[in-house]
Amino acid sequence: MNYIWDFDGTLYDTYPIMLKALMKTFKEFGIKKNEATVYRKIKEESIRQMIIDWQLPVPDFDNHYHAHELIDNKASYPFEEAKETLKKLQEKDGQHFILTHQTVDSTWNLLKRDALDSLIVSIIGSDSNYPRKPDPSAINYFIEEYHLDPQKTVMIGDRKLDIEAGNNAGVQTVFFDVDYFKQDIKATYFINNLKEMVQIF
């Protein structure tokens, strides 16, 4: 099997850092927002969609947010089960790829720090010039470049847009449901812990 992983909130528990950076940014702009409301918005949709829907200052808000996130990003760590899950799936001849809204270098740097880089074949990030999820272009690139069989390829993510990207590319999908928000998600499989991946595949 071929595994295309989302990074934030799927392999790495980055949402506490992202939320902290967002709340700092709201404070800087004098905008009062409830932390739980912000978290739900970015998990069910995306930060980009939040900026549009809440008519936040563009591009200043996004620039300030990313500056805070960059400073705190080193405090992001993988979910406890991530390394073991990646290794066990690789031992079953699995190949791992990452599709993330982080930059490619920042993602590799975290993976290297946590000794996970040897488990990953390739990364497509926000600076790779592909349309953002749920557009399937990046997944299609992985399929074409690495000669992946779509029927033996799966997209794993914690947000609806990850699953929609996989569905749009015609691959299997796994929704990593850590929040139980009861969204209308059309995934092939649902998990609440990464180690369940080894049981499915």
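This is a short chat about the nonpolar cores and salt bridges of a predicted model.

User: Let's start inside. How many residues has the largest nonpolar core?

Analyst: It has 26 residues. Those with the most contacts inside it are Y3, W5, I98, L111 and M197.

User: Which helices and strands each supply at least two residues of this core?

Analyst: On the strand side, β1 (2-5), β4 (153-157) and β5 (172-176). On the helix side, α5 (82-91), α6 (104-113) and α9 (196-200).

User: Take L111. What is L111 in contact with, leaving aside neighbours within four places in sequence?

Analyst: F7, Y12, I98, L116, D117, I120 and I123.

User: And which residues are in the other core?

Analyst: That core lies apart from the largest one and has 15 residues. Among them are Y15, L19, L22 and M50.

User: Switching to charges. How many salt bridges are found in the whole structure?

Analyst: A search finds 11. One of them joins the side chains of K24 and D72, at 3.5 Å from N to O.

User: What does the K24 and D72 pair tie together?

Analyst: K24 lies in helix α1 (residues 15-28) and D72 in helix α4 (residues 60-72), so the bridge ties together parts 48 residues apart in sequence.

User: Is D72 buried or exposed?

Analyst: D72 is buried, with a relative accessible area of 13%. Its partner K24 is partly exposed, at 33%. The cut-off for buried is under 20%, so D72 falls below it and K24 does not.

User: Now helix α2. Which residue there forms a salt bridge with R40?

Analyst: E44 does, with the closest N and O atoms 2.9 Å apart. Both residues lie in helix α2 (residues 35-44). They are four residues apart, about one turn of the helix.

User: What about their accessibility?

Analyst: E44 is partly exposed, with a relative accessible area of 24%. R40 also counts as partly exposed, at 35%.

User: And K43, which residue does its side chain meet in a salt bridge?

Analyst: D179, at 2.7 Å from N to O. This pair links distant parts of the chain, 136 residues apart. K43 is in helix α2, while D179 is in the loop between β5 and β6 (189-191).

User: Which of the two is buried?

Analyst: K43 is buried, with a relative accessible area of just 3%. D179 is partly exposed, at 22%.

User: Last one. Which residues are linked in a network of salt bridges?

Analyst: D6, K133 and D162 are linked that way.

Notes. Residues are numbered from 1 along each chain as its sequence is written. This is a predicted model: local features need pLDDT of at least 70, side-chain atom pairs count only at pLDDT 80 or more; totals for chains, interfaces and linings use all residues. Side-chain values use heavy atoms; hydrogens and water are left out. A nonpolar core is a set of buried Ala, Val, Leu, Ile, Met, Phe, Trp, Tyr and Cys residues joined through side-chain atoms within 4.5 Å. Buried means under 20% relative accessible area, exposed over 50%, partly exposed in between (1.4 Å probe, protein chains only). Contact means heavy atoms within 4.5 Å. A salt bridge is a side-chain nitrogen of Lys or Arg within 4 Å of a carboxyl oxygen of Asp or Glu.
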